[in-house]
Amino acid sequence: MLQDNCLSWTFKKNQCCWGKEGPTISVPVNEIVSVCQGEGEKQSKTADAPSNLFTVYHISRKSAQRWTLEATTFTTQSCQEAHNWTQVLQDRIQSIGAERPRKLLIFINPYGGRGKATRIYSTKICPLFQLAGIERDVIETTRANHARDYIMEMDLKEYDGVVCVGGDGMFSELLHGLVKRTQKDSGVCENKEEATLTPCKLRIGIIPAGSTDCVCFATVGINDPVTSALHIIIGDTQPMDVCASYHKGHLMRYSVSLIGYGFFGDVLQESETMRCIGPFRYDLSGFKMVLSNRTYNGTVEFLEADDSHSHPRDNTRCRSGCLICSESSERLKEDKDTDSQDYESETWQKISGSFVAVNVTGMSSACPKSQDGLSPTAHLADGTADLILVQDCNMFQFLRHLKRHTNKKDQFALPYVKVHRIRAMRFIPEKLEDEEAARRRKGLFSSLCGATPETSSWNCDGEILDCAELSVRVHHQLVQLFARGIEGTSCS
Ligand SMILES: Nc1ncnc2c1ncn2[C@@H]1O[C@H](COP(=O)(O)OP(=O)(O)OP(=O)(O)O)[C@@H](O)[C@H]1O
């Protein structure tokens, strides 16, 4: 039965349970990938012979977030009836599937995730795109920044989206390529902090195949290549805020998740010296940095977001169809109309002191190791980011804060941790009088792990920014992903 854009059917009586009808299944037409006359795989072999069967390929939910493709074959009274059903369903998909991509530009990092990206694409993803009738231009990258440069230079008019098969590093290449290309095409100067950046039209798809796939996890809820491919096929759209980081009037990088100074900057910096040991280097350098218990002096200035809509400790979650994110579009449009982009004339709050970590996160930054992430209530697309300040504390206190990222306890309910929902921030480091003062500040572990340097560096979505002074602005819904946000309830 086809009703209200939903296809429903009841399975025939099950021979084992005599007299009982089988289960009834309902699939929204939007979640049908394709329909063909005939019996699934055998369809091609019997293409010439008319069949009274037709097969519907549709999304099926295996667990809360995991999607798979399922094929259901229906028997009709006649070949004509099977043909009619196929035609009606195809037309229906066509009429409601305006958001579905027709042609994609796909970049595969052959070295991503220990070299499994190419195989994942050819065995799992390409057949799905083929089935959905999506045209594909596929490029295997030959160097770092290959995808970014290609997007910056080539004609992209024929594409409905760009897709990366790789990890967060590849996503970042697509992000930079698209944002930079869009600003270039629309004549916007990226180096001006106050510039209103032009939103990108092309959507980004992520097929997770890296060693770190945090952006995928935080927007889909699972790192599963097939689930992500199905979101792309049905044309799901998730807008996303982008943070731009500037140093002394120059754009440094764009990012969507963590911008971290102090602990996370040092962990990344340290891990670069251990590349040969693979992803375990992050655990090892993290351990070393906890022992080092470094603190850095400076001043954080920030523009707090209006807390009447949401705040970092309201115990909600940004989920599919998030109202806070969708209502923010209207609200921020009004703000733009009233020219309130002049951030400098607004009142900035200021906190000076000694920090173990200064973190800005544009989204929850959830990942498989920390299911709720750095800031569990952060929103993907509301024009804000969360500023988390861990002030001077000892190693055990900091460990306590870190541990709470992996259990249900509130990581902000500690006297030395502060969190603010912000629209912009800047950090001004304070130079210590002398190196000796820095060394004296820490005890035994610190001397074992090396002296505290005067300043740390920033970890910007896994890239090191070699500077301490930084300002960050959140750009509302600058890009769109082929995703729908994590499905589930918005209450924690
Ligand atoms: N052909 C290539 N050769 C070398 N580097 C590449 C190539 N293609 C992409 N890269 C770079 O490799 C980096 C890591 O890629 P990616 O994020 O896909 O994998 P990953 O396994 O998650 O890696 P990592 O954990 O090191 O970030 C990216 O920053 C990208 O710029």
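Reader: Quick one before the ligand: what counts as a helix or a strand here?
Author: Helices are DSSP runs of H or I with at least four residues, strands are E runs of at least two, and both are numbered from the N terminus. Keep in mind that this is a predicted model.

Reader: Cool. Which elements each supply at least two residues of the shell around the ligand?
Author: α2, covering 112–115, and α5, covering 168–186.

Reader: And where does the largest share of that shell come from?
Author: From α5, which puts in four residues.

Reader: Which residues come nearest to the ligand?
Author: The shell has 21 residues, and the nearest are Gly-112, Gly-166, Gly-167, Gly-169 and Gly-210.

Reader: How do the shell residues divide into nonpolar, polar and charged?
Author: There are 14 polar residues, four nonpolar ones and three charged ones.

Reader: Switching topic: what does the domain assignment give for the chain?
Author: Domain 1 runs over 2–96 and domain 2 over 103–236, while domain 3 comes in two pieces, 247–338 and 347–475. The C-alpha centres of domain 2 and domain 3 are 26 Å apart.

Reader: How many residues does the contact take from domain 2 and from domain 3?
Author: Domain 2 contributes 19 residues and domain 3 contributes 21.

Reader: On the side of domain 2 that touches domain 3, which elements give two or more residues?
Author: α5 and α6, the latter being 214–220. The most comes from α5, with six residues. So far as residue types go, that side of domain 2 has nine polar, seven nonpolar and three charged residues.

Reader: So what does α5 do in both places?
Author: α5 gives four residues to the ligand shell, the largest share there, and six to the side of domain 2 that touches domain 3, again the most.

Reader: What does UniProt list for "domain: DAGKc"?
Author: The unreviewed UniProt entry lists residues 99–249 for it. In the model that span is 41% helix and 23% strand, with its end C-alpha atoms 38 Å apart.

Reader: Zooming out, how many helices and strands does the chain have?
Author: 13 helices and 20 strands. The radius of gyration is 25 Å, close to the 23 Å from the globule rule for 492 residues, so the chain is as compact as a globular protein of that length.

Reader: What does the C-alpha trace span along its principal axes?
Author: About 90 × 50 × 45 Å.

Reader: Last bit: what share of the residues count as buried?
Author: 42% of the 492. As for contacts with a separation of 6 or more, 73% of them join residues 24 or more positions apart.

Note on methods
Residues are numbered from 1 along each chain as its sequence is written. This is a predicted model: local features need pLDDT of at least 70, side-chain atom pairs count only at pLDDT 80 or more; totals for chains, interfaces and linings use all residues. A residue is near a molecule or strand if its C-beta atom, placed from the backbone, lies within 6 Å of it. Domain bounds come from an automatic or database domain assignment. Two residues are in contact if their C-beta atoms, placed from the backbone, lie within 7 Å. UniProt positions are given in the numbering used here, feature names are shortened, and annotations may be inferred rather than shown by experiment. The radius of gyration is taken over C-alpha atoms; the globule rule is 2.2 Å times the number of residues to the power 0.38. A residue is buried if 20 or more other C-beta atoms lie within 10 Å of its own, exposed if 12 or fewer, and partly exposed in between; C-beta atoms are placed from the backbone.
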